[in-house]
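The following exercises concern the internal spaces, salt bridges and strand pairing of one protein chain. Please work through each task with the sequence and the structure at hand before reading its solution.

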Amino acid sequence: MLYNIVTYGCQMNVHESEKIAGILEKMGYTASEKREDADIIVFNTCAIREGAEDRAFGNIGALKQTKRENKNKLIVVCGCMTQQKKVADYIYKTFPFVDIIIGTHDLEKLEGLIKKRLEEKKRIVSELKDNYDIIENLPIHRTSGDNAWVNIMYGCNNFCTYCIVPYVRGREQSRKKQDILNEIKNIVQSGKYKTITLLGQNVNSYGSEDKTQGTFSELLNDICKIDGDFKLTFMTSHPKDLTDDVIEAIKNNDKIIKEIHLPVQSGSNRILKLMNRKYTREHYLDIVRKLKENIPNIRITTDIIVGFPTENEDDFKDTCNLVKEVKYDGIFAFMYSKRSGTVAEKMEGQVDDKIKNERVNYLLNLEKEIKAQKETK
């Protein structure tokens with residue numbers, strides 16, 4: 001019995017696909033690189049941008065003939081797309097050959113749902129729920145080379161006006177510190193992994209809803225006390241929560257890789273306010289200054305959204321000037337994508353796609369120029 005998993009989106013989804021693989025391996029399935037050979041195909045979807053959704057719909061639709069030729073083949077769709085009821089309903093109606101549809105909070109049910117589908121021969125749409133419990137000790141089949149992903153928290157409380165994540169991932173919940181430390185000790189003792197990457201929608205707010213777990217900086221310090229030869233990194237950091245003690249932890253622990261992904265999204269205070277990012281350009285640059293002063297060799301990368309509603313040339317120039325000032329080591333630039341159910345979806349002043357495209361290309365060329373300047377020094 002073979003399985004194939006198709007993963008879209010962020011590192012969180014990559015790690016969740018490792019958990020899906022762990023569940024399937026426990027059931028006796030073996031991974032197949034060829035989708036057409038698999039007895040069960042899982043699409044782990046992403047809803048952060050329209051392009052990811054379109055690719056998922058296209059690839060799901062392409063299996064219609066495959067399912068017609070082999071009715072025993074199981075097709076599962078899960079992830080952020082299916083956590084939205086209207087999308088789950090759309091998939092159910094549009095793709096009648098999809099067997100199981102589940103949201104982001106039901107991974108632990110996957111084995112039972114597969115068995116139920118095989119026994120009862122009825123399609124399954126798992127009931128979506130807003131609340132969730134953190135499930136520990138799910139089997140994991142790690143597939144990311146010598147890097148081991150470790151979730152430290154789930155969900156997001158920030159409600160940036162462009163972002164669907166709080167609606168599909170739920171509110172922030174931190175794992176118990178001891179559970180995290182135990183998982184990392186087991187990873188280190190296995191001797192298979194050189195890097196451990198902590199995951200969370202906003203790792204800096206770890207423990208904010210449960211003060212008994214301590215702060216993110218305390219967690220970093222405790223992880224670095226674990227015996228073993230490994231390097232530690234994390235993603236993603238929200239600038240509003242990046243505190244001096246986190247900077248100190250990065251500085252003082254040799255096990256922590258001297259790099260940080262710090263999404264700015266825009267260099268314009270007006271746009272940052274519309275985005276509900278809860279920091280200003282000046283605050284962001286102050287954090288960058290502290291990072292560079294305390295950790296001179298630190299690598300800083302970022303995310304930038306161009307073409308957010310009402311973004312004008314002055315706003316975009318502010319972003320470009322910030323990029324020139326920070327001199328990022330890497331930029332992930334995206335065109336604003338309207339997401340159903342978000343505040344920004346209903347904002348006036350939507351920017352033309354042609355302008356978005358021109359701006360994103362300008363930013364990417366600016367990144368190349370900065371990289372070339374660094375290389376010549």
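**Exercise 1. Determine which residues lie nearest the centre of the largest cavity, and how its lining divides by class.**

Solution. Step 1: the largest cavity is lined by 13 residues, and those nearest its centre are Glu 16, Thr 104, His 105, Asp 133 and Tyr 154. The model is a predicted one, in which local features need pLDDT of at least 70 and side-chain atom pairs count only at pLDDT 80 or more, while totals for chains, interfaces and linings use all residues. Residues are numbered from 1 along each chain as its sequence is written, and side-chain values use heavy atoms, with hydrogens and water left out.

Step 2: apply the definition of the space. On a 1 Å grid over the protein atoms alone, a cavity is a set of points where a 1.4 Å probe fits but cannot get out; a pocket is an open set with protein on both sides within 12 Å along at least five of seven lines; lining residues have an atom within 4 Å of a point. Rolling a probe the size of a water molecule over the atoms shows where empty space is left.

Step 3: take the volume, which is the space filled by probe spheres set on the points, with grid points joined across faces, edges and corners. For the largest cavity this gives about 230 Å³.

Step 4: sort the lining. Ala, Val, Leu, Ile, Met, Phe, Trp, Tyr, Cys and Pro count as nonpolar, Asp, Glu, Lys and Arg as charged, and the others, Gly among them, as polar. The lining of the largest cavity has six nonpolar, two polar and five charged residues.

**Exercise 2. Describe the second largest cavity and name the elements that each supply at least two residues of its lining.**

Solution. Step 1: the count of cavities of 30 Å³ or more is two, and the second largest holds about 40 Å³ of space.

Step 2: its lining consists of Glu 16, Ile 20, Asn 44, Cys 78, Gly 79, Gly 103, Thr 104 and Leu 107. By class, three of these are nonpolar, four polar and one charged.

Step 3: helix H1 (11–26) and strand E4 (74–79) each supply at least two lining residues. Helices (H or I, at least four residues) and strands (E, at least two) are DSSP runs, numbered from the N terminus.

**Exercise 3. Establish which element gives the most residues to the lining of the second largest pocket.**

Solution. Step 1: the second largest pocket contains about 410 Å³ of space. Its lining has 20 residues, of which Asn 137, Leu 138, Ile 140, Arg 142 and Glu 183 lie nearest the centre.

Step 2: two or more lining residues come from H1 and from helix H7 (177–190). H7 gives the most, with six residues.

Step 3: by class, the pocket lining has seven nonpolar, six polar and seven charged residues.

**Exercise 4. Examine the salt bridges of Lys 115, Arg 289 and Arg 359, giving for each the partner and the distance.**

Solution. Step 1: a salt bridge is a side-chain nitrogen of Lys or Arg within 4 Å of a carboxyl oxygen of Asp or Glu. By this rule there are 25 salt bridges.

Step 2: Lys 115 pairs with Glu 111, the closest N and O atoms being 3.0 Å apart. The two residues are four residues apart in helix H5 (residues 110–120), and are therefore separated by about one helical turn. Lys 115 is partly exposed at 39% relative accessible area, whereas Glu 111 is buried at 19% (buried means under 20%, exposed over 50%, partly exposed in between, with a 1.4 Å probe and protein chains only).

Step 3: Arg 289 pairs with Asp 286, with the closest N and O atoms 2.5 Å apart. Because they are three residues apart in helix H11 (residues 281–294), about one helical turn separates them. Arg 289 is partly exposed at 39%, and Asp 286 is partly exposed at 26%.

Step 4: Arg 359 pairs with Glu 313 at 3.1 Å between the closest N and O atoms. This pair links distant parts of the chain, Arg 359 in helix H13 (residues 353–376) and Glu 313 in helix H12 (residues 313–326), 46 residues apart. Arg 359 is buried at 6% relative accessible area, while Glu 313 is partly exposed at 45%.
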